[in-house]
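Biologist: Before we discuss this chain, could you put the structure up so that we can go through its geometry step by step?

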Amino acid sequence: MSLEDRPDREAFDTICAHLAEDRLAYQGAVIPPIFQNSLFTYPDCKTRMEQWGAPGVYDYTRYSNPTTEIVEKKIAALEGGDRARCFGSGMAAISGAILSCVKTGDHIVCVDTVYGPTRVFLTEYLPKFQIETTFVPGGAPQEWSDASRANTRLFMMESPSSIVMRQQDLEAVAAIARERGIVTICDNSWASPYFQNPLKYGVDIVVHSATKYLAGHSDIVAGVAIGAEPRMHRMVEREGCLLGAVLDPFASWLLLRGLRTLSIRMERHDRTARAIAVRLSEHPAVERVFQPGRPDDPERHLTDRQLRGTSGLFSVLLRDSSRERIFRFVDALKYFGIGCSWGGFESLAIPITVPARHAGRPGDEPVWLVRLHIGLEDVEDLWADLEAALK
Ligand SMILES: *Cc1c(COP(=O)(O)O)cnc(C)c1O
């Protein structure tokens, strides 16, 4: 796992800075304008008839918008896909991508540690279409084939997951899926395209909560799905345009602003988070740190193969993991805001419960963890804050 493993490293940053930008089309403006309009007009009726739907011709912002399209082209290139579609939130991208794969009576296999609302969508929303989901720990490829049935249409992955950071073997699971005509989706929000590209391993659709690292400033809610044509074309026409959860052009413009610094932000999150995780793991109050790449990482082989970095989000299990102790620790932090979400410039901490099996503990009692997002602040200031709060 190293940044030097990235063969197209320069291309990544150049894509962020230049791809799909046409300054001369906007009076040389270094930042493209926000096309904050719902519709586009035509010089005459015949032109509208002839040009409707052609590339570079815009009609209505629910279908396409020039500001949003710049972002979509960049993110598609960063993930190595043909096409990306922005959505109004990560959940809109996830539910849209899932709905694009299944029909009434189908079956889904999903990783057990998937993001909570994705799980609720699968267990509480899709059953109204008689769509059933089986959850698997997901670390061993065999679990995916064992759980599949004749009507399985989708393998839903999230690697690493965003609380206990469990990973799936993307290449092996995608190969099993392809053999059986099953589609694969991977939520790649934790790694961002800078640290992992699931499409490269044969995954069909990548989804992101762009609210997190892609936007990176904690000021928008956004989502994106990326994949190959013609699958993406169908998703844009149906789940994109018919369900209609589009990204607002202003939010697209802020997302574009975030992309310009994605790589340098990710490198800093990664460096500071790794330094802090090492110190925490050596602290007597800490039982375990859940972070890919640590010596007790249960999926070290996948970390080495799939990830180029460890991102800024990890969880900590304290030796005294009582609710009272966890709350006292989190309340004592000065620089860490107490809040959900992550991926922005700021450090965050949140007490969180997981099923005992997710934390590698026996029994059925939920286990309290603290999930930390390590922001872009000074590493020594953050460490001093954590150390003081642990006392
Ligand atoms: C936040 C998050 C989502 C949902 O994204 P929203 O933008 O909040 O809708 C999905 N997956 C993961 C891993 C997340 O952390």
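Modeller: This is a predicted model, and we can begin with a loop: alanine 20 lies between α1 (9-18) and α2 (45-51).

Biologist: What is the phi of alanine 20?

Modeller: Most residues other than glycine have a negative phi. Alanine 20, in the loop between α1 and α2, is not a glycine, and yet its phi is positive, at about 70°.

Biologist: Which residue is joined to proline 160 by a cis peptide bond?

Modeller: Most peptide bonds are trans. Proline 160 sits in the loop between β4 (152-158) and α7 (170-179). The bond leading into proline 160 is cis, with omega near -10°, and the residue before it is serine 159.

Biologist: Where is proline 230 found, and what is the omega of the bond that joins it to glutamate 229?

Modeller: Proline 230 is found in the loop between β7 (223-227) and α9. The peptide bond joining glutamate 229 to proline 230 is cis, and its omega is about 5°.

Biologist: At what angle do the axes of α3 and α10 cross, and is the crossing left-handed or right-handed?

Modeller: Helix α3 (residues 66-79) and helix α10 (residues 249-259) have axes that come within 8 Å and cross at roughly 40°. That angle makes α3 oblique to α10. The contact involves residues including Ile70, Val71 and Leu78 of α3, together with Trp253, Leu255 and Leu259 among those of α10. To restate the angle and add the hand, the axes cross at roughly 40°, and the crossing is left-handed.

Biologist: How do the residues of that contact of α3 with α10 divide by class?

Modeller: Lys74 of α3 takes part in the contact, as do Thr67 and Thr68 of α3 and Ser252 of α10. By class, the residues of the contact divide into 9 nonpolar, 3 polar and 1 charged.

Biologist: Which element gives the most to the lining of the largest pocket?

Modeller: The largest pocket holds about 800 Å³ of space, and of the 35 residues that line it, Tyr58, Tyr63, Ser64, Glu69 and Arg83 lie nearest its centre. The elements giving two or more residues to this lining are α3, β1 (83-87) and α9 (231-240). The one that gives the most, with 7 residues, is α3.

Biologist: How many charged residues are in the lining of the second largest pocket?

Modeller: The second largest pocket has a volume of about 540 Å³, and it is lined by 32 residues, with Val114, Tyr115, Gly116, Pro117 and Ser162 nearest its centre. By class, this lining has 14 nonpolar and 12 polar residues, and the number of charged ones is 6.

How values were computed. Residues numbered from 1 in each chain as written. Predicted model: local features only at pLDDT ≥ 70, side-chain atom pairs only at ≥ 80, totals over all residues. Heavy atoms only, no water. Axes fitted to C-alpha atoms, helices over the stretch in contact; angles between N-to-C directions. Helix = DSSP H or I, 4+ residues; strand = E, 2+ residues; numbered from the N terminus. Parallel < 35°, antiparallel > 145°, perpendicular 65-115°, else oblique. Left-handed = near helix turned anticlockwise from the far one by under 90°. Contact = heavy atoms within 4.5 Å. Nonpolar A, V, L, I, M, F, W, Y, C, P; charged D, E, K, R; others polar. 1 Å grid on protein atoms, 1.4 Å probe; cavity = no way out; pocket = protein on both sides within 12 Å on 5 of 7 lines; lining within 4 Å. Points joined across faces, edges and corners; volume = space filled by probe spheres on them.
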